[in-house]
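Welcome, and please take a moment to look over the sequence and the model before reading on. The notes below walk through a metal site, two sheets and a few individual residues.

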Amino acid sequence: MILLYNTLTKKIEEFKPLKNKKVGLYACGPTVYHHAHIGNLRAYLFEDILKRVLIHQGFKVKHIMNITDVGHLTSNGDTGEDKMEKGSRREKKSAWEIAKFYTQSFLKDTANLNILPPDKLPRATDHIKEQINLIKLLEKKGFTYRTADGIYFDTSKLPDYGKLARLRSQDLKAGARVEFGEKKNITDFALWKFSPSGEKRQMEWKSPWGLGFPGWHIECSAMATKYLGQPFDIHAGGIDHIPVHHTNEIAQSEAAFDKSLANVWMHSEFLLISETKMAKSGDNFITLTTLIEKGFSPLAYRYFLLQGHYRKQLNFTWEALEAAQTGLERLYEAARRLPKKLPENKTLPEAFHKHITNDLDLPGGLALIWKAVNEKTIDQKTLLHFDEILGLDIKKNIKEKKAAALPLEIEKLVKQRDTARENKNWDESDRLRQELEQHGYSVIDTKEGTKIIEK
Ligand code: AMP
Ligand code: ZN
């Protein structure tokens, strides 16, 4: 049994998949106009943990993550510049080159953090046809209207608009003093934007309404339904998506198909730095590369994130990251000294599973592991099993250190012997074999060179 907090019902619920043991998971991906900052990466790590827990509990997960490479404007209110064009101007590269470059950067970061790759990473620009078809359907059903700058979704036509964020219509009316151009309601949003007249956009397409580009939200509705059907099981993303992006995804998908978009909605809280939100445009912009350049391992950052629950804000400090790196190294060190296998003990795995299936309580799971390590009640086999969720490469680190633990003097002799053999200096090679044997090693010659085994 897995308990998950559902933003839609505001309750912790038992997760029940729509189809047997198969789970459809959609997560909103990056807007590829810049590197991801470590705050963004927190959202993807939360989804990775969710996915690993589901897999661990025997589910087959189909994980779709979109790549936003067009249409995300600098303001959430459908005004401002397209972030891709902004990136293009900043770096004097085409918007397409920017998208390609930062998609690669995103993939590198997530791989460094041991985030399991999604099954598909569909790009918004590869799904223009699907988005146009969805807008056509909404138009046919009477949910759209036209303004000078685009085709908009009329949120007043949906009685339960805003249910995810519990937006109340009286609050929205109160907010209506804000400038909102030709929009009929403050919450209405663009489905299709027209290319500005007299200006050539780099990314634009023909549509029944005129030359232009899709609004930001429509890509997720179109691609989620294409790859997962509707409804699907879980939709995930950062908490800032609740009031606008996810609210609008729900509105347009449910208006189009008269059924719910997803059963469970899950959101991760922000990473803060100096108590304020990290943002791509702010001064407090830290990337994973910054951490690596400062000598931290990416997995130390993963470990740091695992110490906080995904529904709580987490404050980033360099001291906390240092503590995480030390903690992780201590865990590797402890893992090396653990017995390979103790007599079977079901209590510990049961307690661990209880934590991770209790709305992904990884901090609780980690605390339990440390307690067991200190009490010497955990073996390597169990820890490696838990690492399928933690994703901290414990196995690799147990092995690597063993290899590196060869005394320097012995390593030197092995190297000297390889050189002697390359130079066909057989006497020297024999002498070095004897020396190694005196140190307690058997020597084997292989194609890759000298191999030694402790006698
Ligand atoms: P973006 O690339 O700007 O669309 O953002 C990608 C993801 O990062 C979204 O799911 C956001 O909710 C999330 N996000 C943005 N800023 C932060 C932050 N400071 N902490 C955690 N998640 C964030
Ligand atoms: Zn989305």
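What spacing do the donors of the zinc ion (ligand 2) follow along the chain? The pattern is C-x191-C-x24-H-x3-E. Please keep in mind that this is a predicted model.

**The zinc site**

The protein supplies Cys-28 (SG), Cys-220 (SG), His-245 (NE2) and Glu-249 (OE) as donors to the zinc ion (ligand 2), at 2.0 to 2.4 Å from it. How regular or irregular is the site? The angles among the 4 donor atoms run from 79 to 130°, and the site of the zinc ion (ligand 2) is irregular. The reasoning rests on a cut-off: four donors count as tetrahedral if all angles lie between 85 and 135 degrees, and the range here begins at 79°.

Two of the donors, His-245 and Glu-249, sit in helix H7 (residues 242-257), where a separation of 4 residues puts them about one helical turn apart. An α-helix has 3.6 residues a turn, so residues three or four places apart point the same way. His-245 is buried, at a relative accessible area of 1%, and Glu-249 is buried as well, at 0%.

**The parallel sheet**

Now to an open sheet of 4 strands, which has the order S4-S3-S9-S10 and parallel pairing. Why does one side of S4 and of S10 lack a neighbour in the sheet? Strand S4 (60-65) and strand S10 (262-268) are at the edges and have a single partner strand each, so one side of each stays without a neighbour. From one strand to the next, the twist averages 20°.

Inside this sheet, strand S3 (residues 22-27) pairs with strand S9 (residues 232-238) in the parallel sense, over 3 bridges. Leu-25 has Ile-234 in S9 as its bridge partner. Helix H6 (residues 216-228) lies across S3, S4 and S9, and runs at about 160° to S3. The zinc donor Cys-220 falls within the residue range 216-228 of H6.

**The antiparallel sheet**

Another open sheet of 4 strands has the order S5-S6-S7-S8, this one with antiparallel pairing. S5 and strand S8 (212-214) are at its edges; each has a single partner strand, so one side of each is left without a neighbour in the sheet. Direction ignored, neighbouring strands of this sheet are turned by 25° against each other on average.

S5 and S6 run antiparallel and are joined by 3 bridges, while a hairpin connects S5 to S6 through 3 residues. S6 and S7 also run antiparallel, with 4 bridges between them. Helix H4 (residues 128-140) lies across S5, S6, strand S7 (189-194) and S8, running at about 120° to S7.

Here are some of the bridge partners in this sheet:

| Residue | Bridge partner |
|---|---|
| Tyr-145 | Tyr-152, in S6 |
| Arg-146 | Ile-151, in S6 |
| Ile-151 | Trp-192, in S7 |

Ile-151 thus appears as the partner of Arg-146 and is itself partnered by Trp-192 in S7.

**Thr-147, in the loop between S5 and S6**

Where is Thr-147 found? Thr-147 belongs to the loop between strand S5 (144-146) and strand S6 (150-153). Is Thr-147 buried or exposed? Its relative accessibility is 8%, and Thr-147 counts as buried, because buried means under 20% relative accessible area.

The side chains of Thr-147 and Asp-149 are joined by a polar contact of 2.9 Å. Not counting residues up to four places away in sequence, Thr-147 touches Tyr-152, Glu-182 and Phe-194. Of these, Tyr-152 is the residue in S6 that serves as bridge partner to Tyr-145.

**Leu-3 and helix H9**

At the start of the chain, Leu-3 is found in strand S1 (residues 3-6). With 25% relative accessibility, Leu-3 counts as partly exposed. Which residues is Leu-3 in contact with, leaving aside its neighbours within four places in sequence? The contacts are Ile-12, Glu-13, Glu-14, Thr-357, Asn-358 and Asp-359. For Glu-14, 11 residues from Leu-3 along the chain, the C-alpha atoms of the pair are separated by 4.5 Å.

Finally, consider helix H9 (residues 298-306): 9 of its 9 residues are buried, so H9 is largely enclosed by the rest of the structure. The buried residues of H9 include Arg-302, along with Tyr-301, Tyr-303 and Phe-304.

Key. Residues numbered from 1 in each chain as written. Chains lettered and ligands numbered in written order. Predicted model: local features only at pLDDT ≥ 70, side-chain atom pairs only at ≥ 80, totals over all residues. Heavy atoms only, no water. Pairing = 2+ DSSP bridges. Axes fitted to C-alpha atoms, helices over the stretch in contact; angles between N-to-C directions. Contact = heavy atoms within 4.5 Å. Donors = N, O, S within 2.8 Å, 3.2 Å for Na, K, Ca; no water. Tetrahedral: all angles 85-135°; square planar, octahedral: opposite > 155°, others 65-115°. Buried < 20%, exposed > 50% of the residue type's maximum accessible area, 1.4 Å probe, protein only. Polar contact = N/O pair within 3.5 Å; in protein donor to acceptor, adjacent residues only side chain to side chain.
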